[in-house]
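Trainee: Please take me through one part of this model closely, the open sheet, and then place it in the rest of the chain.

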Amino acid sequence: MDVRLNRRDLLRLSLLVGVGAVASACAGARAPSWTFAPAAGTARGSHPSGAPAVGGSGLVIKIVAEDLAFDLAGFSVPAETPFQIEFDHRDVKIPHNVAIYDSGPEGPGLFRGEIFNGPKVVTYDVPGLPPGVHSFRCDPHPYMNGTVTVT
Ligand SMILES: [Cu+2]
């Protein structure tokens, strides 16, 4: 009897210890999330406001592609400043993108936007560019092109 009682006591003890461990584990898990929650909330809160997360420059260049042509001959952006291109691609079932090349169209690539079929609007996140007169084009249709002036 004594042995059984001791075993029950041990079981109870171990259960209590187990519950205690779980409880303290939960408390331990809660503590950091409380610490990080405000930061995460602020980060999330800044996105729905429409401000681009990239660099926070807030600069958005709008480019339309329609009938195998861009609506822009060129655009200008400040050097080394990330920006966004809102690409409004209106050609049904035709693949377009916007890519940026250093100097002329044969220069090294600075940015390559995803190629997709229209109609669809896609916003590209473009990294900061070096100063100079560069060019942008549609890779599937290189005759769709223009200049990117970076100052
Ligand atoms: Cu194209």
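Mentor: The sheet comes after a short note on the model, and the core, the loops and the segment before the strands follow.

This is a predicted model, in which local features need a pLDDT of at least 70, side-chain atom pairs count only at pLDDT 80 or more, and totals for chains, interfaces and linings use all residues. Residues are numbered from 1 along each chain as its sequence is written. The pLDDT, which is the predictor's confidence in each residue from 0 to 100, averages 76 over the protein, and 62% of the residues score at least 70. Over residues 10–54 the pLDDT stays under 50, and the model has ten contacts beyond four places in sequence for that stretch. A contact here means that the C-beta atoms of two residues, placed from the backbone, lie within 7 Å.

The secondary structure comes to one helix and eleven strands, and from the N terminus on the order is α-β-β-β-β-β-β-β-β-β-β-β. Helices (H or I, at least four residues) and strands (E, at least two) are DSSP runs, numbered from the N terminus.

Now the sheet. Five strands form an open sheet with mixed pairing, in the order β3-β11-β10-β6-β7. Its edge strands, each paired on one side only, are β3 (74–77) and β7 (109–112). Neighbouring strands of this sheet are turned against each other by 25° on average, direction ignored; the axes are lines fitted to C-alpha atoms, for helices over the stretch in contact, and angles run from 0 to 180 degrees between N-to-C directions. Two strands count as paired if DSSP finds at least two bridges between them. In general, strands of a sheet pair through backbone hydrogen bonds, either parallel or antiparallel.

Starting at the β3 edge, four bridges join β3 to β11 (residues 145–150), and these two strands run parallel. Val-77 has Val-150 of β11 as its bridge partner. On to the next pair: β11 and β10 are antiparallel and share six bridges. Val-150 appears again here, as the bridge partner of Gly-132. Further along, β10 (residues 132–137) is joined to β6 (residues 99–101) by three bridges, and the two run antiparallel. In that pair Ala-99 stands opposite Arg-137 of β10.

The sheet strands β6 and β11 also contribute to the largest nonpolar core: along with β1, β4 and β9, each supplies at least two of its residues. A nonpolar core is a set of buried Ala, Val, Leu, Ile, Met, Phe, Trp, Tyr and Cys residues joined through C-beta atoms within 7 Å. This core has 19 residues, of which Ile-63, Ile-85, Val-98 and Ile-100 touch the most other members. Leaving aside neighbours within four places in sequence, Val-98 is in contact with Ile-63, Ile-85, Phe-87, Gly-113, Tyr-124, Phe-136 and Cys-138. A residue is buried if 20 or more other C-beta atoms lie within 10 Å of its own, exposed if 12 or fewer and partly exposed in between, with C-beta atoms placed from the backbone. Of the 151 residues of the protein, 17% count as buried. Among contacts with a separation of 6 or more, 63% come from residues 24 or more positions apart.

The loops hold a few backbone features. Glu-80, in the loop between β3 and β4 (83–89), has a phi near 55°, a positive value in a residue other than glycine. Glu-80 is exposed, because 12 other C-beta atoms lie within 10 Å. Leu-68, between β1 (60–66) and β2 (69–70), likewise has a positive phi, near 60°, and is partly exposed with 13 other C-beta atoms within 10 Å. Pro-119 lies in the loop between β8 (116–117) and β9 (120–126), and the peptide bond from Gly-118 to Pro-119 is cis, with omega near 0°.

Finally, the loop between α1 (2–46) and β1 includes Ser-57 and Leu-59. Beyond four places in sequence, Ser-57 touches Thr-81, Pro-82 and Phe-83, while Leu-59 touches Val-77, Thr-81 and Phe-83. Val-77 is the residue already met as the partner of Val-150. C-alpha to C-alpha, Ser-57 is 9.9 Å from Pro-78, at 21 residues apart in sequence, and Leu-59 is 8.0 Å from Pro-82, at 23 residues apart. Ser-57 is partly exposed because it has 15 other C-beta atoms within 10 Å; Leu-59, with 16 C-beta neighbours inside 10 Å, counts as partly exposed too.
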